Amino acid sequence: MNKLYIGNVSAEASEEDLESIFKQWKIQHSGPFLVKTGYAFVDCPDEKTAMRAIDVLSGKVELHGKVLEVEHSVPKRQRSCKLQIRNIPPHMQWEVLDGMLAQYGAVESCEQVNTDMETAVVNVRYATRDQARLAMEKLNGSMMENYALKVSYIPDETAAPEGPPSGGRRGFNVRGPPRSGSPGLGARPKVQSDIPLRVLVPTQFVGAIIGKEGATIRNITKQTHSKIDIHRKENAGAAEKPITIHSTPEGCSNACRTIMDIMQKEAVDTKFTEEIPLKILAHNNFVGRLIGKEGRNLKKIEQDTGTKITISPLQDLTLYNPERTITVKGSIDACSRAEEEVMKKIRESYESDMAAMNLQSNLIPGLNLNALGLFPSGAPGMGPSMANVPPPGAHGGCSYGGQPESETVHLFIPALAVGAIIGKQGQHIKQLSHFAGASIKIAPAEGMDAKQRMVIIVGPPEAQFKAQCRIFGKLKEENFFGPKEEVKLEAHIKVPSFAAGRVIGKGGKTVNELQNLTCAEVVVPRDQTPDENDQVIVKISGHFFACQLAQRKIQEILAQVRRQQQQQPKPSSGAQPPIPRRNRTQSTSAKGVRGGGGSCCGTERLTPPPLSASAHQYLSTPNTCFYLGASS
């Protein structure tokens, strides 16, 4: 991103005029000015220089009666989903920025750019071109805390060319690698970590960290190129307050070290004699890997850094507080080194889980996992908030008019587990229902000796994913399944009786393919009588991801059937109505097709493989699948 576009250039302007302006403002350029009618281009030696030119010149410098407009030069084929937003107020909270960006679409990433400017700069990627275009139109020039935002496209190397892939512009062939100094080889900024550093500090030191009129915290953010959120209003009256630091790993560590120095100085000044340990907050799902087998990882960090490290007990966790406190005791230098090692392990665990979940998301069509709030980046106070952003596109093929259709799933759990799912005075099921965005009810027992109870879950695909994931995890957490036993449950979904044949397929082909693909057991029971809504039951059994994939695949089939129905021409008046399809498929569904041995296809039933280690981690630890950072 070293190439600049200079707009609103006077017809009288020459290359020498532009060169003089750059020389006057001490801005280097690595090539000649290419002057056209009304605009010009120039290359800068690096991205930092280009950013400075934009900040110093754009909208501020006049040439022959016209105020120059300077921004990154972005070829049309690369004007896709990526924007750069400049002149952001330096004290703006991340949550405010996230909320503002989310108004215009699904934000896939938001990274801070390290610059020498007083104001902040971020690079933002939206899910679609239209969302990026809307954000550009609405935000460019808009005022925020007396700062006028400046928004421009930045090159998106991943953008697909709009024309034929083999051709260039009007008779020009596609060239080889980009030239030195072109956007493709521009110096890339260090990427902000997806996992922020969260620390707890004694409440009495918060004022010193902020400083008079915010001067101290401003200085820290500028020196370490970080964004720091101090959650002062959280847990009123608490002895400690959380601080969230967004930056590169180096920036987070530098900011943390500075905060420790400030607290130490304040302790001396106020004659505070107690030891001030470093307290790091980390999601429970990462802590096991931080500790390591038989505590080896933690012991090595202690030995290498000369610190003493303890971790808060599991009993302190709740559904809405999934973080554990890692307390590090030692000198400031030792604590700083320990923080680097601890966060390195946590980031590695996060990246490993993200890779595993992305692999799973490729298997579950129609689900936008970024919109599920499964990872810390989707949690309040912990980076770009994605939890409330509507996912783009269809949801499992069941979306009409842009909104996902609500689905009903009956999930069967052990009768003894009902109390754990409901929680004390119904608190757990209320919290789960609120967070998942689904209606969750437990049906009455069918008899005194019933060994299973039916949980009725109503909501769109993302809500189903969240609610079912938590229920699977809760059963594991409460030891209703053994330590080495996978949680396998049965789910029922209802399908129109005329569509049952499509789920089964000719000779049971579709249902067998479903089982082999998903590793779930899929059964359409024989001799079913359609209910009052002319629907029949499809039973799905297996571990969580197997069940989810089977549900989504079946919903895809149903959506396809609905679309075909909508496209069929309506019979003209007086014409004989066609024979209902239900009558033709009942005989097929009555065969009671289930995959595996004995099916019409003769396909041998595949035993569901064990859940992958990373996926098992989500389903076997407290508060599985929900990363809910503390809100600010």
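Among contacts in the chain between residues at least 6 apart in sequence, what percentage join residues at least 24 apart? The share is 71%.

**Figure 1. Overview of the predicted model.** The structure shown here is a predicted model. Its chain contains 18 helices and 26 strands. Of the 632 residues in the chain, 50% are buried. The close-up views that follow treat a sheet, several individual residues, the nonpolar cores and a helix.

**Figure 2. The open sheet of six strands.** The strands follow the order 14-15-13-16-18-17, and their pairing is antiparallel. Strand 14 (227-230) and strand 17 (308-311) form the edges, each pairing on one side only. From one strand to the next, the twist averages 25°. Helix 8 (residues 284-291) packs on the sheet, where it touches strand 16 (278-283), strand 17 and strand 18. The direction of helix 8 makes about 115° with that of strand 16.

**Figure 3. The pairing of strand 17 with strand 18.** Four bridges connect strand 17 to strand 18 (residues 323-329) in the antiparallel sense. Within this pair, threonine 310 stands opposite threonine 327 of strand 18. Strand 18 also holds glutamate 323. Because its relative accessible area is 9%, under the 20% limit, glutamate 323 is classed as buried. Its side chain makes a polar contact of 2.7 Å with the side chain of arginine 198.

**Figure 4. Histidine 231 in the loop between strand 14 and strand 15.** Histidine 231 follows the edge strand 14 (227-230) and precedes strand 15 (240-246). Its relative accessibility is 1%, so histidine 231 counts as buried. The side chain of histidine 231 is joined to that of threonine 244 by a polar contact of 2.8 Å.

**Figure 5. Serine 349 and its surroundings in helix 10.** Helix 10 spans residues 332-363 and includes serine 349. With a relative accessible area of 5%, serine 349 is buried. When residues up to four places away in sequence are not counted, serine 349 touches Phe286 and Arg289. The C-alpha atom of serine 349 is separated by 8.2 Å from that of leucine 290, although the two residues are 59 residues apart along the chain.

**Figure 6. The largest nonpolar core and a second, separate core.** In soluble globular proteins, nonpolar side chains tend to be buried together. The largest core here has 48 residues, and Ile413, Val538 and Ile554 have the most contacts inside it. Helix 16 (residues 544-567) gives the most to this core, contributing nine residues. Leaving aside neighbours within four places in sequence, valine 538 is in contact with Ala491, His492, Ile493, Val495, Val503, Val522, Val523, Val524 and Ile554. The second core is separate and has 42 residues, among them Val201, Ile230, Ile243 and Ile262.

**Figure 7. Helix 13 and the residue asparagine 479.** Helix 13 comprises 17 residues (residues 461-477). At 1.5 Å a residue, helix 13 should span 24 Å; its end C-alpha atoms are 24 Å apart, so the expected and computed values agree. The helix is mostly covered, with 16 of its 17 residues buried. Just after helix 13, asparagine 479 takes a positive phi of about 65°.

Technical notes: Residues numbered from 1 in each chain as written. Predicted model: local features only at pLDDT ≥ 70, side-chain atom pairs only at ≥ 80, totals over all residues. Heavy atoms only, no water. Helix = DSSP H or I, 4+ residues; strand = E, 2+ residues; numbered from the N terminus. Expected span 1.5 Å × (residues − 1). Buried < 20%, exposed > 50% of the residue type's maximum accessible area, 1.4 Å probe, protein only. Pairing = 2+ DSSP bridges. Axes fitted to C-alpha atoms, helices over the stretch in contact; angles between N-to-C directions. Contact = heavy atoms within 4.5 Å. Polar contact = N/O pair within 3.5 Å; in protein donor to acceptor, adjacent residues only side chain to side chain. Core = buried A, V, L, I, M, F, W, Y, C linked by side-chain atoms within 4.5 Å.
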